[in-house]
Amino acid sequence: CDRKEPEQRECVNQDIIEKLEELMELHKAKLGEDDRWRVHSYSKCIRALRNYPKKIKSFNEALSINGVGEKTARKIMEIIETGDLRRIGYEKTDDVEAINLFQGIYGVGRQIAHMWYNNGCRTLDDIRARKGGIKLSHVQEIGLHFYDDINDRMPRSEAESIFNLIKPIGKVLRCGFSRAIDLDVTQTALKLDEHLYIDIMGSFRRGKATCGDIDILVTRPTSDGITHAGLLPELLARLHAAKILTEDLALPDDFSALELCYRGLCKRPEPDAKHRRIDILCVSWENRGAALLYYTGDDIFNRAMRMKANVLGYSLNQRGLYAGVVRDPRNRRVKISAGNIVASETEEEIFRILGVPWQEPHERVR
Ligand code: DCP
Ligand code: MG
Ligand code: MN
């Protein structure tokens, strides 16, 4: 979810960062190879500027910052001297606005947005009218129908209150008699599976005032021979019946697995409540720490942790921290050998092995 949080992190070079961000967003909407490259280089530069403690005064000072090249240093000087960046005007071509608008439809990426633009669409009404003979997938239709709701962030209190409805339903399912009782969301404390772990991650766990979606983690220790396998389809059915889940956006292929990812829309049961995005992740008990770390984010902090791991010869993903991973020298993304897992059960372990001082979730920004 790319939507910005309103509580931006302020810093001494905020005016420069904002202009460069605006320019980066314009390149993001474009399709060229050079645009992708520019987005990458601006994002690197913006991150460097966020970490730079002093107000930039000169070209040479800008250039001395790791991640800032000559061209960007010149742009920085233009912003300092004129308060503006002319390049933004040049890049603001008339397609960008429509492309960004279309990309706000869940399930629509840059390619499809461009295709629709090339078919003559400019507004959401054009999309609704299927102007130019364009076709929408079922998920995109949902995305269009709930456009405003999906592109809005919810107050954290709302995320919490929706989660407080979901948690007891998730827990009661494991009692073994879940089919026999007609579950009423207001009186679920009949018999709870105390071993089921269900919690919110993402921006909520980081303590943000608003959340783009609700990210829920589900897992269960296996010591008593019971796992959470098979729980998700039942949970989803219960949440639909309780009118908390309203639309499915992505269902797992194989529901019997222990690792599952569900994406959908949910809402408070009140009739005028907004529809909110929800992700439910089921993970194996052994991988819970790595999953919690990854899905708590934020994405920039995750990137820094992955880089730290790589520097030390490890590899970090949402399943765990691996040692002895062998990568294809021609394409570093391809793993020749998966290596062995050295930490995954707790976040603390992963921090410790990487030599990173513990950071509370609210401190995990880059
Ligand atoms: N994540 C990541 N890289 C991605 C997508 C996600 O590292 N490309 C991780 C970090 C995120 C977490 O997953 O913090 C949850 O993803 P969300 O998109 O739900 O992002 P947040 O919860 O952080 O923010 P929002 O309030 O917008 O949902
Ligand atoms: Mg989220
Ligand atoms: Mn999410």
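Reader: What makes β10 and β11 a pair, and in which sense do the two strands run?

Author: In this predicted model, strand β10 (residues 326-328) and β11 are joined over three bridges in the antiparallel sense. Two strands count as paired if at least two bridges are found between them, so three bridges between β10 and β11 satisfy the criterion. Within this pairing, Arg327 has Lys335 of β11 as its bridge partner. The connection from β10 to β11 is a hairpin of two residues.

Reader: Why is strand β11 described as hardly covered?

Author: Strand β11 spans residues 331-337, and the count of buried residues among its seven residues is zero. A residue is buried if 20 or more other C-beta atoms lie within 10 Å of its own; no residue of β11 is counted as buried, and the strand is therefore called hardly covered.

Reader: Why is strand β7 called largely enclosed?

Author: Strand β7 (residues 276-282) has six of its seven residues buried, so the rest of the structure largely encloses it.

Reader: Which strands pair with β7, and how do you know the sense of each pairing?

Author: Strand β4 (residues 213-219) pairs with β7 in the parallel sense over six bridges. Strand β6 (residues 260-266) runs antiparallel to β7 and is joined to it by seven bridges. Leu281 of β7 stands opposite Leu217, and Cys261 also stands opposite Leu281.

Reader: What makes β8 and β12 edge strands?

Author: The open sheet of three strands has the order β8-β9-β12, with antiparallel pairing. Both β8 (314-316) and β12 (340-343) are edge strands, as each pairs on one side only. From one strand to the next, the twist averages 40°. Between β8 and strand β9 (residues 321-323) there are three bridges, and the two run antiparallel; Ser315 has Tyr322 of β9 as its bridge partner. Helix α16 (residues 347-354) packs on this sheet, touching β9 and β12, and its direction makes about 100° with that of β12.

Reader: Why are helices α6 and α7 called oblique to each other?

Author: The axes of helix α6 (residues 94-103) and helix α7 (residues 110-118) cross at roughly 125° and come within 9 Å. Angles of 65 to 115 degrees count as roughly perpendicular and those over 145 as roughly antiparallel. An angle of roughly 125° belongs to neither class, and α6 and α7 are therefore oblique.

Reader: What is the handedness of the crossing of α6 and α7, and which residues make the contact?

Author: The crossing in which α6 passes α7 is right-handed. On the side of α6, the contact is made by Asp95, Ala98, Ile99, Phe102 and Gln103; on the side of α7, by Arg110, Ala113, His114, Trp116 and Tyr117. By class, the residues of this contact are six nonpolar, two polar and two charged.

Reader: How do you know that α11 is oblique to α13?

Author: The axes of helix α11 (residues 156-172) and helix α13 (residues 231-241) cross at roughly 135° and come within 10 Å. Roughly antiparallel requires an angle over 145 degrees, and roughly perpendicular ends at 115; the crossing at roughly 135° therefore makes α11 oblique to α13. The crossing of α11 and α13 is right-handed.

Reader: Which residues of α11 and α13 meet, and how are they classed?

Author: Ile166, Ile169 and Gly170 of α11 meet Leu235, Arg238 and Leu239 of α13. The contact of α11 with α13 has four nonpolar residues, one polar and one charged. Gly170 is counted as polar because Gly belongs to that class.

How values were computed
Residues numbered from 1 in each chain as written. Chains lettered and ligands numbered in written order. Predicted model: local features only at pLDDT ≥ 70, side-chain atom pairs only at ≥ 80, totals over all residues. Axes fitted to C-alpha atoms, helices over the stretch in contact; angles between N-to-C directions. Helix = DSSP H or I, 4+ residues; strand = E, 2+ residues; numbered from the N terminus. Parallel < 35°, antiparallel > 145°, perpendicular 65-115°, else oblique. Left-handed = near helix turned anticlockwise from the far one by under 90°. Contact = placed C-beta atoms within 7 Å. Buried ≥ 20, exposed ≤ 12 C-beta atoms within 10 Å, placed from the backbone.
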